[in-house]
Amino acid sequence: MRPDRTDGGVFVIPDDAMIIVPMRNVVLFPGMILPLTIGREQSILAAQQAVKTERPVGILLQRDAAIEVPTPDELCLVGTVANILRYVTLPDNTHVIVCQGLQRFRIAEYLPGYPFPVARVGRIEEPEVTDSQIEARMIQLRERALEVLQYLPQVSQELLGAVKSIGQPAALADLVASVTELKLTDRQRVLETVDLTRRLDVVLDCLLGRLEVLRLSRELDERTKASIDQRQREYLLREQLKSIQKELGEGETGNSIEIEALRKCVADAGMPEEVAAQANKELKRLERMSDGSGEYSMVRAYLDWLVELPWRAPEPDRIEIAEARRILQADHFGLDQVKKRIIEFLAVRKLNPTGHGPILCFVGPPGVGKTSLGQSIARALGRKFVRASLGGVHDEAEIRGHRRTYIGALPGNIIQAIRKAGSRGCVMMLDEIDKLGASMQGDPSAALLEVLDPEQNDTFRDNYLALPYDLSRMLFITTANVLDNIPGPLRDRMEIIQLPGYTQEEKLEIARRYLVGRQMTQNGLKEGQIEFSQVALQAIIRDYTREAGVRSLEREIGAVCRRVAVDIAEGAIQSMTVDEGDLARILGPGKYDNEVALRTGLAGVATGLAWTPVGGDILFIEASRTAGDGKLILTGQLGEVMKESAQAALTLVKTRAARLGIDAGSFDRSNVHVHVPAGAIPKDGPSAGVAMFIALASLFVDRPVRNDTAMTGEISLRGLVLPVGGIKDKVLAAMRAGIQRVLLPARNRRDLEEVPAEAKERLEFVFLENVDDAVHNAMPK
């Protein structure tokens, strides 16, 4: 029969019964206050039930701590009645109850049907008899307890005072058993002993054994300390003996052969004079040390770094411009302007090998080939290529290294990469330089100012080496997704080369030339086992990816190759030609649709163009109005600049109300709501001003915007259309989204030189001087 519950879900427990909380390794004594950690579901339910009903609980020790859900036979019979003073749930979901022990109890019988142990118990009253036998045992127990506590670490004066001042023999026995670190079985034995004389005898016996163990432990500690002191004395004597032998010219130190080998390495390393002097100084220190000392290993590691670093000047570059052009053309498709600038850079390097060339910084969205361009430059120069990732670096020591005084100190990433390359003239790529972060450990971008300055880096000092190292012959190339995150002084030291996103035709060529073959090799497919039709590759680019680079495209091609590899491995097919009709079965339905015609067919909706760190994108501006008192509501997680653009657009529509044929009084009778979809993505910037103006004008004149037109540009309160940035990425995004006409500020006309020829052929460009031009071209009558 299941027990009854109240309306609040609390179980009804008889008055003569008690909630039992089993504990694995804790014995609670009456009068003690202890925090107890509970983790089992039954124990948590039991404690919560006790707190809700304001009932005491029975703290009971289970015999075997390894049992997760103990049965009544696996629990002790005697425990302690306790009040729960506090119930706490910690941030890591650990439950803790602070309990105060009241008195002993004995289990009579367990009651079935509860989700936690409930038992009828008999409370055990504490005997209060006192005679000369008990008083004598009490005096002896107090003396032994104070002696044991003196051996234990970190014993408070309050505890010593409590042991000295307690006058009740039962309370003294319980307190001493609780605080003197007795075994768990001994504590339970004390708890189960009701007779006061026998209880005092049990605690005294346990204390005597504990006291003997603590005395032996103290003696062992003293012997160990004496042994260590003796070894230190022997070490000093040996060092003195070595010094005497050296003065007399007798014998050799044990590490003399190793030191001679290091001295030869220092002589052959071709170090500058200052560095060689420091290395020889450290060698002399090493000769005077014992190879068993901690400082010996630190000096030895420092010398290893000095002799393994390349100090000699690198060989002259073997630059062939025709070969460099061939390498760039073979490794990358498109990027004509970038390749042209790299060829110019290599030509200058060939004509002036000792000159300080610029630090190149490749900036562009992910997946457009920034890192691989650095590898191609290294191949064209015939140099070794090393890469250091700066993403997430927030400690200046990652660039400059740690001082040798710290345990585990190492040089910074720059010196480590040079040692790995084995050449002082390698090509080093500092990847993701825009992802550096400052912290209390310093600013890594400030440390890079010296590294990337050709006028200073010939005497770069790493904190670990504490010596000048010439970085001027190295070729540094950096990469970034966004320029805004790079500090101005650091950006000023680099020449920025923008890498635009790829058009669909360029992606098709890249997939045919590079991606398909690479994925076939990675997935174990041989020539002829899989072929992609041109239509299939175009469908993957159009329907399954929406990016500026080609990383997602390569992943989708890899997914197709893996599916074909499964069929070939199972013997179902020998080869396959992937066509457009196979993509839905392999990759699922298309991930992207052309939504322009659907979402811009209503009045009040305009298509804008936005720039993001991963390339351009289209942006829909939706405007609606309801009856109200002239409020403007903005949603879509807009930044402050974008909110101000919306307010300026509404003001501009009001000032041109008569010209647009709008009733001026309608503004005061309407609330205008402007929303930019994808509300979870933060948006900011002034370039959506024209699109917002057109959306609001379309709303009030009740005329839809052309669904094949997208626009960008900042507006002023005079109605001028001001230039914006990111034109190339925005135009490519419009072409990917199926847009046919693009409205641009007239002052951005010069930016069309950077737009690929394919985009110029497929898109119609309209240049705007003011918002009237935008209305005329976006909302034809």
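Trainee: What makes the meeting of the side chains of Lys-728 and Glu-754 a salt bridge?

Mentor: A salt bridge is a side-chain nitrogen of Lys or Arg within 4 Å of a carboxyl oxygen of Asp or Glu. Lys-728 and Glu-754 meet at 3.8 Å, N to O, so the pair fits that definition. Before we go on, note that this is a predicted model: local features need pLDDT of at least 70, side-chain atom pairs count only at pLDDT 80 or more, and totals for chains, interfaces and linings use all residues. Residues are numbered from 1 along each chain as its sequence is written, and side-chain values use heavy atoms, with hydrogens and water left out.

Trainee: Why is Lys-728 called buried?

Mentor: Buried means under 20% relative accessible area, exposed over 50%, and partly exposed in between (1.4 Å probe, protein chains only). Lys-728 has a relative accessible area of 13%, so Lys-728 is buried.

Trainee: And what makes Glu-754 partly exposed?

Mentor: The relative accessible area of Glu-754 is 48%, and therefore Glu-754 counts as partly exposed.

Trainee: Let's turn to another pair. How do you know that Arg-199 forms a salt bridge with Glu-126?

Mentor: Their closest N and O atoms are 2.5 Å apart. The two residues are 73 residues apart and link distant parts of the chain, with Arg-199 in helix α6. Helices (H or I, at least four residues) and strands (E, at least two) are DSSP runs, numbered from the N terminus.

Trainee: Is Arg-199 buried or exposed, and why?

Mentor: Arg-199 is buried because its relative accessible area is 0%. Its partner Glu-126 is partly exposed, because its relative accessibility is 29%.

Trainee: Which residues do salt bridges that share partners join into one network?

Mentor: That network holds Arg-104, Glu-126, Asp-174 and Arg-199. Over the whole structure, a search finds 37 salt bridges.

Trainee: How do you know that Arg-120 and Glu-109 form one too?

Mentor: Their side chains meet at 3.1 Å, N to O. Arg-120 lies in strand β6 and Glu-109 in strand β5, 11 residues apart. Arg-120 is partly exposed because its relative accessible area is 27%, and Glu-109 counts as partly exposed because its relative accessibility is 41%.

Trainee: Why is Lys-507 called buried?

Mentor: With a relative accessible area of 2%, Lys-507 is buried, so the label fits. Lys-507 sits in helix α17 (residues 504-522). Leaving aside neighbours within four places in sequence, Lys-507 has contacts (heavy atoms within 4.5 Å) that include Tyr-502, Glu-547 and Arg-736.
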